[in-house]
Every structure is written in C-alpha cells, then in structure tokens.
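Subject: Structure handover

Hi there,

Here is the structure I promised to pass on to you. Please open it in your viewer and keep it beside you as you read.

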Amino acid sequence: EGGGPEGGDEPPSVVLGNSRAALLRHVDLSPEEYAHSFGWQVLHAAYLAGGGALFILSSTIYFFEYSDLRSAIAAGGYTVGSVAFFVVDSLELATAESGTFIATNVCISLMGSLCYVWGSAAYIPSIYAAFPWLGNLGFVMGSFLIFVSQLWKIYRIGQSPEAASGIWADTDARSATCVELGACIGSLCFLVGTTMLWFGDLDPTGIFTVYLIWMLGSICFTMGGCFLMHRHFALKLV
C-alpha cells in the first residue's frame with residue numbers, strides 16, 4: 001500500500017518523475033495527469049487511511065460482550081475496510097507498467113486485499129457458524145501476501161538511488177518507507193493474531209491478547225494512510 005522511490009528494476013523510460021524514482025508507474029496517462037493529480041492522490045490516501053480506521057472500529061467492537069449484531073457489524077467494518085485496501089491497490093496497479101516488477105509487487109498486495117475481503121465476510125456470524133475456518137484462512141493468507149509484498153516494496157525503496165546514503169537520510173525514501181511499514185507491521189499483526197486464534201487453545205486472556213494484536217495492526221494500517229496523506233499533500237510526492 002502506498003508509494004515510494006524505486007530501484008533499478010526497470011529502464012529509465014518507465015520511471016515516474018524527473019529526479020525521484022517512484023513506486024507507481026503509468027500506463028496510458030502521464031504521471032502529471034494521473035498519479036500526480038490531486039483527485040488520484042486524495043483517493044489513494046483516503047482509502048488507505050479510511051480502511052485502517054474501519055479496521056480500528058471493527059477491532060474495538062470485539063472488546064465488548066459478544067452478540068451476533070456486534071459481530072456482524074465488526075465483520076462488515078472489516079469487509080468495507082478490506083474493499084478500501086483493494087481500491088488502493090487497484091489505483092496503484094492502474095499506474096503500473098505491465099510486465100514489470102512493480103506490477104507484480106502490486107498484484108501480490110491486490111491478492112492479499114482480496115483475501116481480506118473474503119476473510120472479513122466469512123466472519124459474519126451465520127457464515128462463521130457454518131465454516132469457522134474460512135475467515136481465519138482468508139486473513140492468514142491475506143496477511144501473508146500483504147506482508148511479503150510490503151517487505152519487497154521496502155527492499156526496493158532501499159535499492160533506489162535516493163536511498164544511497166540510507167533510507168532515513170532522504171526525505172522521499174524515508175516518507176515512502178513509513179508508508180509501507182504501516183501495512184507491513186499491520187499485516188504481520190493480523191497474521192500472528194489470526195494464527196493464534198485459529199490454532200491456539202485460548203482462554204479468555206488469550207483471546208483478549210489476539211484482539212489487542214488486531215488493534216495494533218489496525219492502528220498501523222491507519223498510520224500508513226496518515227503517512228501517505230503527509231507524503232502526497234505536505235511533501236508533494238507520489
């Protein structure tokens with residue numbers, strides 16, 4: 001999720017910007033008309049931050065006494081939030097040069113978000129009662145795919161010319177890394193928490209711990225969106 005400088009995976013002709021290599025690529029529209037447009041950046045940042053906020057809301061609901069209604073609302077919030085993540089990945093894929101490492105990287109994130117949509121919907125009480133493993137499988141698969149994709153993005157940022165003196169030495173690289181770390185840590189939290197819930201024989205304290213881990217992951221997803229807003233509108237970077 002998000003954007004950032006890029007290494008030498010592709011020829012210079014597909015690199016966005018003049019001096020900055022960026023995570024996103026364009027297909028038909030120029031970067032100035034599309035990836036650099038105000039509308040695209042608003043959607044890009046708002047969907048990421050909004051999806052994270054819905055994850056926080058849904059995670060919070062699980063701390064209250066169980067009811068089918070509360071569980072359904074939480075599952076609905078996770079589902080809508082996952083759709084928002086899917087939109088973010090779709091926006092990035094629309095600007096990615098076909099057949100490049102960038103497109104492959106974004107596709108992995110896209111598949112992870114789709115797994116989140118499936119996993120979230122499967123937490124709806126009526127579905128969960130019939131197939132209790134389905135939601136956990138969706139979240140475990142989705143979290144793993146997003147985590148791998150985010151690690152790859154961070155690696156590529158580290159290989160960019162802007163990061164030659166270190167990721168934290170350059171504003172572009174540092175900002176991009178903060179964006180990608182949000183989803184990286186967030187997906188890791190959901191991977192760990194959901195695996196514990198699925199395979200662990202948990203007492204109430206253990207279940208409470210899972211909910212705390214999910215909440216931390218939700219906060220990290222949201223922080224990634226906040227860093228993306230800062231990147232787009234304060235630093236004026238893709």
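Below is what I found in it, from the overall fold down to a few aromatic rings.

Please bear in mind that this is a predicted model. The protein contains seven helices and zero strands, so from the N terminus on its elements read α-α-α-α-α-α-α. Of its 238 residues, 50% count as buried. The exposed area comes to about 10,400 Å², with carbon and sulfur atoms supplying 70% of it. As for the contacts with a separation of 6 or more, 71% are between residues 24 or more positions apart.

Helix 6 is a good one to look at by itself. It has 29 residues and spans 42 Å from its first C-alpha to its last, close to the 42 Å expected at 1.5 Å a residue. Where helix 6 starts, a side-chain oxygen of Asp170 comes to within 3.0 Å of the backbone nitrogen of Asp172.

Now to the interior. The largest nonpolar core is made up of 22 residues, and Phe55, Tyr116, Phe190 and Trp214 have the most contacts inside it. Two or more residues of this core come from each of helix 1 (38-61), helix 2 (68-94), helix 5 (132-158), helix 6 (171-199) and helix 7 (204-234).

What does Phe55 touch, leaving aside residues up to four places away in sequence? Its partners are Tyr78, Gly81, Ser82, Phe85, Tyr116, Phe139, Phe190, Ser218 and Phe221.

Two of these partners also bring us to the aromatic pairs, of which the structure holds 29. The ring centres of Phe55 and Tyr78 are 4.9 Å apart and the planes stand at 80°, so this pair is edge-to-face. Because Phe55 lies in helix 1 and Tyr78 in helix 2, the pair ties together parts that are 23 residues apart in sequence. Phe55 and Tyr78 are both buried.

Why does the pair of Phe55 and Tyr116 count as tilted? Its ring centres are 5.9 Å apart and its planes are at 35°, and the tilted class is for planes that are neither under 30 degrees apart nor over 60. This pair links distant parts of the chain, with Phe55 in helix 1 and Tyr116 in helix 3 (residues 101-121), 61 residues apart. Tyr116 is buried, as is Phe55.

If you only have a minute, I would start at Phe55 and follow its ring pairs to Tyr78 and Tyr116.

Best wishes

Definitions and conventions
Residues are numbered from 1 along each chain as its sequence is written. Side-chain values use heavy atoms; hydrogens and water are left out. A nonpolar core is a set of buried Ala, Val, Leu, Ile, Met, Phe, Trp, Tyr and Cys residues joined through side-chain atoms within 4.5 Å. Buried means under 20% relative accessible area, exposed over 50%, partly exposed in between (1.4 Å probe, protein chains only). Helices (H or I, at least four residues) and strands (E, at least two) are DSSP runs, numbered from the N terminus. Contact means heavy atoms within 4.5 Å. The expected span of a helix is 1.5 Å times one less than its number of residues. A polar contact is a pair of N or O atoms within 3.5 Å; within protein, one must be able to donate a hydrogen and the other to accept it, and residues adjacent in sequence count only if both atoms are side-chain atoms. Accessible areas come from the Shrake-Rupley method with a 1.4 Å probe; for residues, only the protein chains shown count as cover. Rings of Phe, Tyr and Trp (its six-membered ring) pair if their centres lie within 6.5 Å; planes under 30 degrees apart count as stacked, over 60 as edge-to-face and the rest as tilted.
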